[in-house]
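Student: Hi! I've just opened this one and don't know my way around yet. Can you walk me through it?

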Amino acid sequence: MTEQPSRRLLLVHAHPDDESINNGATMAAYAAGGARVTLVTCTLGELGEVIPPELRHLTGTALGEYRLRELTAAMRELGVADFRQLGGPGRYRDSGMMGLADNDDPACFWQADVDEAAAHLVEVILEVRPQVLITYDDHGGYGHPDHIQAHRVAMRAAELAAEAGWEIPKIYWNRVPRSVAEAAFARLADDLPDLPYSKAAVIDDVPGVVSDEQITAAIDGTAHAAAKAAAMRAHGTQIEVAEPYFALSNEQAQPLFATEYYQLVRGAAGEPRETDLFAGIEFAGVEEAS
Ligand SMILES: [Zn+2]
């Protein structure tokens with residue numbers, strides 16, 4: 001019988017690249033500390049806009065396959081061995097930005113039946129038995145249909161898994177405290193002339209920004225900032241990195257956060273402002289040295 005690492009973290013994301021942007025430092029830190037880190041990505045991002053001109057011929061399924069290779073390279077940078085696609089690679093297609101005709105594609109994730117999609121995730125939850133789940137808030141962080149659907153599927157799967165025998169003790173949503181975002185954008189304004197980007201994004205472009213009081217956990221990933229940047233760089237069709245900044249296909253610079261923030265939405269916080277997502281969890285087995 002194979003023993004599970006005592007600390008088990010599950011992340012649910014919409015597209016390849018979301019995990020590295022939102023949680024790269026957290027994933028690297030926990031993987032390095034001996035926790036089992038499991039990533040479930042819901043689509044292959046077949047409708048992402050490609051940045052490098054030489055790769056712009058990649059669209060649809062070919063882009064999805066390419067992005068799966070980018071994800072594989074990113075996970076190598078973060079030290080994460082267990083990453084999966086919800087229902088298998090290509091099961092749910094990218095739905096495109098809100099309001100596009102792509103949202104009506106019957107094969108897209110936005111059109112998926114939430115319970116059916118959640119059933120795939122329940123299988124993973126019952127196998128891995130995570131103590132911590134990380135996903136987006138109910139707005140998907142910034143309103144992309146696949147992010148909203150990933151939220152719905154993750155939260156529903158947690159409910160169904162609890163009924164089936166594994167209640168995930170702690171669920172977190174990805175967050176950025178407003179004060180941190182404001183300070184980072186102020187620095188960005190000063191640094192912009194020296195950066196390879198012509199424009200800066202604005203705070204409203206950053207997913208999950210909320211008032212500081214809503215933040216319940218901060219994971220200091222400073223020691224893993226290089227791994228996070230390398231993982232983001234591995235998603236070269238989607239991200240252009242110039243540490244400590246990056247840009248998506250809109251070419252607007254935004255801060256690359258080495259400390260990642262969370263809001264606990266299920267379970268009890270181990271301390272007022274947690275520095276460990278597993279704080280307060282009781283482990284049945286002997287905990288590995290970290
Ligand atoms: Zn995404």
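Tutor: Happy to! Keep in mind that this is a predicted model. A good starting point is the unreviewed UniProt entry, which places the feature "binding site" at His15, Asp18 and His147.

Student: How far do those residues spread in sequence, and what is the largest C-alpha distance?

Tutor: They are spread over 133 residues of sequence, yet they cluster in space, with a largest C-alpha distance of 9.4 Å. His15, Asp18 and His147 are also included in the lining of the largest pocket.

Student: Okay, let's zoom in on His15. Where is it found?

Tutor: His15 is in the loop between strand E1 (8-13) and helix H1 (18-32).

Student: Is His15 buried or exposed?

Tutor: His15 has a relative accessible area of 6%, so it counts as buried. Leaving out residues up to four places away in sequence, His15 touches several residues, including Thr41, Arg67, Asp94 and His147. Asp146 is another residue that His15 touches, and the side chains of His15 and Asp146 are joined by a polar contact of 2.8 Å.

Student: And Asp18, what is it in contact with?

Tutor: Not counting neighbours within four places in sequence, Asp18 is in contact with His13, Asn23, Tyr136 and His147. Asp18 sits in helix H1 and is buried, with a relative accessible area of 8%.

Student: Changing topic: how many salt bridges does the structure hold?

Tutor: There are 12 salt bridges in the structure. One of them pairs the side chains of Arg175 and Asp137, at 2.6 Å from N to O. Arg175 lies in strand E5 (residues 170-177) and Asp137 in the loop between E4 and H4, so this pair ties together parts that are 38 residues apart in sequence.

Student: Are Arg175 and Asp137 buried or exposed?

Tutor: Both Arg175 and Asp137 are buried.

Student: What about the salt bridge of Glu159 and Arg156, how many residues apart are they?

Tutor: Glu159 and Arg156 are 3 residues apart in helix H4, so about one helical turn separates them. Their side chains meet at 2.5 Å, N to O. Glu159 is partly exposed, with a relative accessible area of 42%, and Arg156 is partly exposed too, at 24%.

Student: Which residues do salt bridges that share partners join into one network?

Tutor: That network is made of Arg36, Asp82, Arg84 and Glu127. Within it, the side chains of Asp82 and Arg84 meet at 2.8 Å, N to O, and Asp82 is buried, with a relative accessible area of 14%.

Note on methods:
Residues are numbered from 1 along each chain as its sequence is written. This is a predicted model: local features need pLDDT of at least 70, side-chain atom pairs count only at pLDDT 80 or more; totals for chains, interfaces and linings use all residues. Side-chain values use heavy atoms; hydrogens and water are left out. UniProt positions are given in the numbering used here, feature names are shortened, and annotations may be inferred rather than shown by experiment. On a 1 Å grid over the protein atoms alone, a cavity is a set of points where a 1.4 Å probe fits but cannot get out, and a pocket is an open set with protein on both sides within 12 Å along at least five of seven lines; lining residues have an atom within 4 Å of a point. Helices (H or I, at least four residues) and strands (E, at least two) are DSSP runs, numbered from the N terminus. Buried means under 20% relative accessible area, exposed over 50%, partly exposed in between (1.4 Å probe, protein chains only). Contact means heavy atoms within 4.5 Å. A polar contact is a pair of N or O atoms within 3.5 Å; within protein, one must be able to donate a hydrogen and the other to accept it, and residues adjacent in sequence count only if both atoms are side-chain atoms. A salt bridge is a side-chain nitrogen of Lys or Arg within 4 Å of a carboxyl oxygen of Asp or Glu.
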